[in-house]
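Dear colleague,

I am passing this structure on to you, and below it you will find my notes on what came out of it. Please read them with the structure open beside you.

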Amino acid sequence: GELMKSFKALTLVESLITLMILSLLSGILIWMILLAKTSMESSKNRTYLRQEMQIVTTGMVRELQDSRKKSLAVINQGVKSFSFISARNVSGKFVTDTSGAPVWQNVDGTWRFIIYYIPANTTNLMRKEISKSTDNALSSSELLSFCDGKGEKLSSMVNDMSLTIPVAEKDKYADISITFQSKSRAGKTDRMTFQSRIFISN
């Protein structure tokens with residue numbers, strides 16, 4: 001009788017220990033699955049963010065390279081924006097005359113400018129094309145007046161942008177910085193910054 005009681009007590013203790021170990025292992029397994037899922041979602045989010053950054057900046061850099069330095073206008077405070085003259089037509093083709101020089105004017109005699117900007121209180125990066133009667137760079141007030149939320153939305157994940165132009169006329173380049181940011185489903189914030197020195201050909 002005493003032996004049977006001891007055996008039953010031992011069996012009960014073993015069962016409780018087994019249950020505790022199984023519960024612990026189940027908890028660890030669930031934690032590992034959730035961690036792997038979160039990591040996978042974060043990786044997918046970073047990949048998407050990187051692709052978006054590459055697509056947006058490739059076109060922007062190309063347009064800036066083909067522009068003219070003295071036509072650049074920049075606002076790096078408040079409504080982040082910059083504008084420049086462009087010799088690309090509506091189809092995106094870079095237009096030159098018979099001597100190979102860029103054709104900055106439209107057929108109607110106006111000058112084509114491109115504006116990139118982030119509307120106030122948004123993370124949208126907008127691109128806009130306008131025509132001007134002169135080839136002078138836009139003034140700050142002119143540039144701001146065109147930052148009205150209209151145009152082509154290139155991205156909804158840009159929270160900062162700046163363009164720095166050297167003062168010396170001989171230094172034909174501009175330094176650009178654009179920060180892209182998004183949140184994964186798990187709530188993790190991913191941030192990537194594109195920085196480049198763009199040499200302007202004209």
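For the pocket described next, Ala, Val, Leu, Ile, Met, Phe, Trp, Tyr, Cys and Pro count as nonpolar, Asp, Glu, Lys and Arg as charged, and the others, with Gly among them, as polar. On that scheme, the lining of the largest pocket is made up of seven nonpolar, five polar and three charged residues. Please keep in mind throughout that this is a predicted model.

The largest pocket holds about 190 Å³ of space. It is lined by 15 residues, of which Arg88, Asn89, Val90, Asn106 and Arg112 are the closest to its centre. Among the elements, strand S4 (residues 125-132) gives the most to this lining, with three residues.

On confidence, the protein has an average pLDDT of 87, and 93% of the residues score at least 70. The lowest mean pLDDT among the elements, 77, belongs to helix H1 (residues 2-65), whereas the highest, 97, belongs to strand S2 (residues 81-85).

Strand S4, already met at the pocket, is mostly covered, since six of its eight residues are buried. It is joined to strand S3 by seven bridges, and the two strands run antiparallel; within this pairing, Tyr117 stands opposite Met126 of S4. S4 also pairs with strand S5 (residues 152-155), again in the antiparallel sense, over three bridges, and there the bridge partner of Leu125 is Ser155 in S5.

The loop between S3 and S4 contains Asn121, which has a positive phi of about 60° although it is not a glycine. Is Asn121 buried or exposed? With a relative accessible area of 85%, where anything over 50% counts as exposed, Asn121 is exposed.

A second set of paired strands centres, for these notes, on strand S7 (residues 173-183). Eight of the eleven residues of S7 are buried, and S7 is therefore largely enclosed by the rest of the structure. Strand S6 (residues 158-164) runs antiparallel to S7 and is joined to it by six bridges, while eleven bridges join S7 to strand S8 (residues 189-199), also in antiparallel fashion. Ile178 of S7 takes part in both pairings, as it is the bridge partner of Met161 and also has Phe194 in S8 as a bridge partner.

The largest nonpolar core has 25 residues, and those that touch the most other members are Met60, Leu64, Phe82 and Ile176. Two or more residues of this core come from each of H1, S2, S3 (111-117), S6, S7 and S8. Which element gives the most to this core? H1 does, with six residues, and I would read that contribution with the mean pLDDT of 77 for H1 in mind.

Finally, a word on another part of that helix: Val13 lies in H1, and its relative accessible area of 43% falls between the limits of 20% for buried and 50% for exposed, so Val13 is partly exposed. Val13 and Phe84 are 71 residues apart in sequence, and their C-alpha atoms are 79 Å apart in space.

With best wishes

How values were computed:
Residues numbered from 1 in each chain as written. Predicted model: local features only at pLDDT ≥ 70, side-chain atom pairs only at ≥ 80, totals over all residues. Heavy atoms only, no water. Buried < 20%, exposed > 50% of the residue type's maximum accessible area, 1.4 Å probe, protein only. Helix = DSSP H or I, 4+ residues; strand = E, 2+ residues; numbered from the N terminus. Pairing = 2+ DSSP bridges. 1 Å grid on protein atoms, 1.4 Å probe; cavity = no way out; pocket = protein on both sides within 12 Å on 5 of 7 lines; lining within 4 Å. Points joined across faces, edges and corners; volume = space filled by probe spheres on them. pLDDT = per-residue confidence, 0-100. Core = buried A, V, L, I, M, F, W, Y, C linked by side-chain atoms within 4.5 Å.
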